[in-house]
Amino acid sequence: FSTYSFRALTLFETLEKIAQTGLHCAEAFAWQKLSPEHPEAKVDPGLSAPLRKALKQKAADCGVQIIGCYTGLGNPDAAKAFFEFGADMGFEFLVSEPPETMFDAIEKLTEEYKIDLALHNHPKPSHYWNPEIGLAALEGRGKRMGFCCDTGHWCRSGLEPVEMLRRIGPRVKTFHLKDLDEFGVREAKDVVWGQGKGRIADIFAEVKRQGLKPYFGIEWERTADSEPEIHAESVAFYEKTAKELVAG
């Protein structure tokens with residue numbers, strides 16, 4: 001679950017809401033406020049040792065594991081600091097849109113800290129809007145360098161998500177999986193998985209066909225806060241579709 005879905009809340013409050021959806025993994029984002037008691041603290045290398053401990057305890061209390069974080073990796077020092085932080089926090093991946101000039105440094109860090117890079121896409125005309133651009137940048141790179149597939153932004157850019165997955169499959173690390181009420185419209189709004197134009201069931205089927213094992217993250221941009229029951233509907237759609245795919 002992407003904590004950006006609850007960006008109006010602190011991370012501590014978000015973890016409580018995620019627990020209510022029945023999910024147990026979360027991807028944080030680096031500029032979210034930590035807690036009502038510590039709104040000045042963020043999920044980044046500046047987080048003090050006591051607050052890192054408190055965050056780990058809060059996540060454990062909620063039954064949620066923070067497995068990754070969205071952040072900027074704009075220069076070598078910032079990148080190294082965040083990979084060090086990620087290793088301390090137990091992250092499996094960092095989601096980012098670093099300049100291509102950073103890829104040599106980041107690739108070394110992924111191997112040193114055993115943390116993957118998941119290259120994220122925003123809509124056109126952002127640099128990585130089309131996966132072909134990312135594929136070219138990742139050519140010849142190690143297996144820890146891959147994609148965070150924001151399927152909603154693909155749809156907003158007029159890119160069919162299943163076709164994109166067929167191009168980048170082996171590089172897929174994780175998803176910001178969105179269903180939208182319109183295709184090819186930048187201002188399209190989020191809807192529950194399976195109720196829109198985002199081909200969510202087809203995405204699951206394509207992932208199965210390729211034998212991929214990514215993380216699927218719910219990311220909800222329609223509002224900065226929402227009721228957990230909304231996202232529990234997406235979870236139910238996933239479970240129903242997964243069972244059908246296994247049975248098929």
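Helices, of at least four residues, and strands, of at least two, are DSSP runs numbered from the N terminus. In those terms, the loop between helix 4 and strand 4 holds Lys114. The model is predicted, and its protein chain contains nine helices and nine strands. The points below cover the overall form, the aromatic pairs, helix 1 and the backbone exceptions.

**Overall form**

- The radius of gyration of the protein chain is 17 Å, which agrees with the value near 18 Å for a compact globule of 248 residues.
- Along the principal axes, the C-alpha atoms of the protein chain fill a box of roughly 45 × 40 × 35 Å.
- Buried residues make up 52% of the 248 in the protein chain.
- Among contacts in the protein chain with a separation of 6 or more, 69% are between residues 24 or more positions apart.
- The exposed area of the protein chain is about 11,100 Å², and 52% of this comes from carbon and sulfur atoms.
- The protein chain carries 31 positive and 38 negative charges, and the mean positions of the two sets are 3 Å apart.

**Aromatic pairs**

- The rings of the model form 14 aromatic pairs.
- One of these is the tilted pair of Phe83 and Tyr113, with 6.3 Å centre to centre and 35° between the planes.
- Phe83 belongs to helix 3 (residues 76–89) and Tyr113 to helix 4 (residues 103–113), so this pair ties together parts that are 30 residues apart in sequence.
- Phe83 counts as buried because its relative accessibility is 0%; Tyr113, at 17%, counts as buried too, the cut-off being under 20%.
- Phe204 and Phe216 form an edge-to-face pair, at 4.9 Å centre to centre and with 80° between the planes.
- Phe204 sits in helix 8 (residues 200–210) and Phe216 in strand 9 (residues 215–218), so that the pair links distant parts of the chain, twelve residues apart.
- The relative accessibility of Phe204 is 5%, and this residue therefore counts as buried.
- Phe216, by contrast, has 22% and counts as partly exposed.
- Phe204 and Phe216 also belong to a cluster linked by ring pairs, together with Phe175, Trp193 and Tyr238.

**Helix 1**

- The buried residues in helix 1 (residues 11–21) are Leu11, Phe12, Thr14, Leu15, Lys17, Ile18 and Thr21.
- In an α-helix there are 3.6 residues a turn, so residues three or four places apart point the same way.
- The partners against which the buried residues of helix 1 pack are two strands, strand 1 (25–29) and strand 2 (65–70), and two helices, helix 2 (49–62) and helix 9 (228–247).
- Gly22 follows helix 1 and has a positive phi, near 90°.

**Backbone exceptions**

- Most peptide bonds are trans, and most residues other than glycine have a negative phi.
- The peptide bond that joins Lys124 and Pro125 is cis, with omega about 15°.
- Pro125 lies in the loop between strand 4 (116–120) and helix 5 (131–138).
- Lys114 is not a glycine, yet its phi is positive, near 60°.
- Arg199, also not a glycine, has a positive phi of about 55°.
- The loop between strand 8 (190–191) and helix 8 is the place of Arg199.
- With a relative accessibility of 29%, Arg199 counts as partly exposed.

Technical notes
Residues are numbered from 1 along each chain as its sequence is written. This is a predicted model: local features need pLDDT of at least 70, side-chain atom pairs count only at pLDDT 80 or more; totals for chains, interfaces and linings use all residues. Side-chain values use heavy atoms; hydrogens and water are left out. The radius of gyration is taken over C-alpha atoms; the globule rule is 2.2 Å times the number of residues to the power 0.38. Buried means under 20% relative accessible area, exposed over 50%, partly exposed in between (1.4 Å probe, protein chains only). Contact means heavy atoms within 4.5 Å. Accessible areas come from the Shrake-Rupley method with a 1.4 Å probe; for residues, only the protein chains shown count as cover. Lys and Arg count as positive and Asp and Glu as negative; His and the chain ends are not counted. The place of a charge is taken as NZ of Lys, CZ of Arg, CG of Asp or CD of Glu. Rings of Phe, Tyr and Trp (its six-membered ring) pair if their centres lie within 6.5 Å; planes under 30 degrees apart count as stacked, over 60 as edge-to-face and the rest as tilted.
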